[in-house]
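Morning, everyone. I have one structure to walk through today. Please have the sequence and the 3D view open.

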Amino acid sequence: MSKKMVTLNELLEIKDFAERVILVNKQGNLNNQITHVTIMEGPDLYEWVTGGEFVLTTWYAFSKNPELQEIAFQKLAPRISAIGIKTGRFIDKIPLKILQLADQYQLPVFEVKTAVKFRELVQTITSEIQNYQTNMLIEVEKNYQKLIHTSLNSDDLASLVNVLGNQLHKSCFCLNHEGKLLASWGKRGIRKQDFLDWIEKIKAGFKERIYTDAGFCIDELHVFECYARNQLVGQFVIAAAGPLTEKERLIGQQGASFLAIKLWDHYETLQKTVERFWKEIKNGAITQGEVIAEKLTGLGFNQHEAYNLVLFSKGSHDIRYYLLNKFLIEEEKFYILLCDSKAALAIVNIFKKYNKEQNKVAVAVISPEFTELGQIKEHYEMSVNVISLLYKLHISGVRKAEEWLPFSLLMHCRNTAEYNFIKSTVLDKLLEYDRRYQASLLDTLTAALQENSLEDAAERQHIHINTLRYRLGKIREITQKNYFKMTDRYFLLICIMIQRMEHEQL
């Protein structure tokens, strides 16, 4: 077993260190770990430390500007592991206020004797750190060899997780790309429910995650992402209060790399199964709801009373991270999510937060609700037509497919005799009249059709109600279509829709 991290207690047991310094405060934590030594004299040295430092200083900067010392030290103290201040050169003794502040942060303060050269202390401390790092790397290499041996002799993810757990002596577990638990190793007293609770914490706290050098943290959970072929295929998680040691981080990274190899097989097999199933849906090979339900159950999808499809446009940041443990299908231009209707609203809210956080201009389309899985193909085709239309219109945000179906339907009728008749006998005549007389008949008609009353339409157009009525009369005169007649109003509505399609060049 390798030597533990270098602590101040260990340094005080070394003669070359203990004879050169004096511990001068009472509340310093001598279990602080030392990772490197820094010699600094600037008043802003707190801006240049990263944690784990044993700082050596003559206090030169503060001897010239004593008014800066308390403010600067208060910023420095929580960021380092210890400080050694030389007396007899620029200061005669360490200020009492500095010792009091150090005690507040449990920061050990050492007085360095005047005759002591800093290089002597640096050599002593770094020798201990290098000794630790050498031993640590030897142990990590042994762990690497164990992982290779286990990986070559077993396809079982649990075997790899057991090796990692025994090396770390901490509870750890492996998730697939959907956030499902595949393997775990727990310390004594850890229950299966604890792992399930941790998984829920990862899902709930994903948006508040804190990135580190090796992955990200959510409270006591240190998450290492497992990538294979530039694809996130799972996660390796270590449960540990406080930061991981360097050795634990390296073992976590090793584990994520080895697990990624195994997880790729799981991921690829599942993706091929899902792709094959989805192709059968799209080409009509399977249409019966019972058969579709059975296949979905085999893929881990629970049955519900009512369903929605939600189509998400793709962006540079992968929304799949926000939809862990959801039945998600990837296509070239968008993701397709099958979910129960109760979950659809929550998922849409996730998408809105995703757009806001990532500053994305993306679109999500929600299909009409359906109760029979045999209807999944037609709802997919409707949603695809709508999201394609929204792409062309450069419309983003969350949209209900049902509200855009009339435009989608017109797209299929384009260049038919009916479409061209409405365009030529109604739309073109109104466009020509507006062009010639700057009459705004089309704008007025659009407002009248969209608002709940003619009064609201007139207010929207900033015109008098009588002016609006006059323009509707002029439209009747030009097109022979009466706005106040129901069948003619539908005709005029289609005309406005065609006008928008033509204007947007859909």
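Let's begin with a helix pair. Helix α15 covers residues 441-450, and helix α16 covers residues 454-461. Their axes come within 8 Å and cross at roughly 135°. An angle over 145 would count as roughly antiparallel. At roughly 135°, α15 is therefore oblique to α16. The crossing is right-handed.

Who makes the contact? On the α15 side, D443, T444, T446, A447, A448 and Q450. On the α16 side, L454, A457, R460 and Q461. By class, that contact has four nonpolar, four polar and two charged residues.

A word on the source: this is a predicted model.

Now a second helix pair. Helix α9 spans residues 246-282, and helix α10 spans 289-298. Here the axes come within 11 Å, and they cross at roughly 165°. Oblique or roughly antiparallel? The cut-off is over 145, so α9 is roughly antiparallel to α10. This crossing is left-handed. From α9, the contact uses F277, E280 and I281. From α10, it uses I292, K295 and L296. The classes are four nonpolar, no polar and two charged.

On to the sheets. One has five strands and is open, in the order β1-β5-β4-β3-β2. Its pairing is mixed. β1, residues 21-23, and β2, residues 36-39, stand at the edges. Each has a single partner strand, so one side of each is left without a neighbour in the sheet. On average, neighbouring strands are turned by 25° against each other, direction ignored.

Look at the β2 edge. β2 runs parallel to β3, residues 53-57, and four bridges join them. H36 stands opposite E53 in β3. Helix α6, residues 118-153, lies across β1, β2, β3, β4 and β5. It runs at about 160° to β2.

The other sheet has six strands. It is also open, in the order β7-β6-β11-β10-β9-β8. Here the pairing is antiparallel. The edge strands are β7 and β8, and each pairs on one side only.

Take the β7 end. Four bridges join β6 to β7, residues 181-185, and the two run antiparallel. C174 stands opposite A183 in β7. The hairpin of β6 and β7 has four residues between the strands. Within that hairpin, G179 takes a positive phi near 85°.

At the β8 end, β8 pairs with β9, residues 216-218, over two bridges in the antiparallel sense. Y211 has F216 in β9 as its bridge partner.

What packs on this sheet? α9 does, touching β6, β7, β10 and β11. Its direction makes about 140° with that of β11. Then there is α8, which lies across β6, β7, β9, β10 and β11. α8 runs at about 55° to β6.

Last topic: aromatics. Two values describe a pair of rings, the distance of the centres and the angle of the planes. A search of the whole structure finds 18 aromatic pairs. One of them is F173 with W198. It is stacked, at 6.0 Å centre to centre and 5° between the planes. F173 lies in β6, residues 172-176, and W198 lies in helix α8, residues 192-204. So this pair ties together parts that are 25 residues apart in sequence. And that brings us back to the six-stranded sheet, where β6 sits between β7 and β11 in the strand order.

That's my tour. Over to you.

Technical notes: Residues numbered from 1 in each chain as written. Predicted model: local features only at pLDDT ≥ 70, side-chain atom pairs only at ≥ 80, totals over all residues. Heavy atoms only, no water. Pairing = 2+ DSSP bridges. Axes fitted to C-alpha atoms, helices over the stretch in contact; angles between N-to-C directions. Contact = heavy atoms within 4.5 Å. Parallel < 35°, antiparallel > 145°, perpendicular 65-115°, else oblique. Left-handed = near helix turned anticlockwise from the far one by under 90°. Nonpolar A, V, L, I, M, F, W, Y, C, P; charged D, E, K, R; others polar. Phe/Tyr/Trp six-rings, centres within 6.5 Å; stacked < 30°, edge-to-face > 60°.
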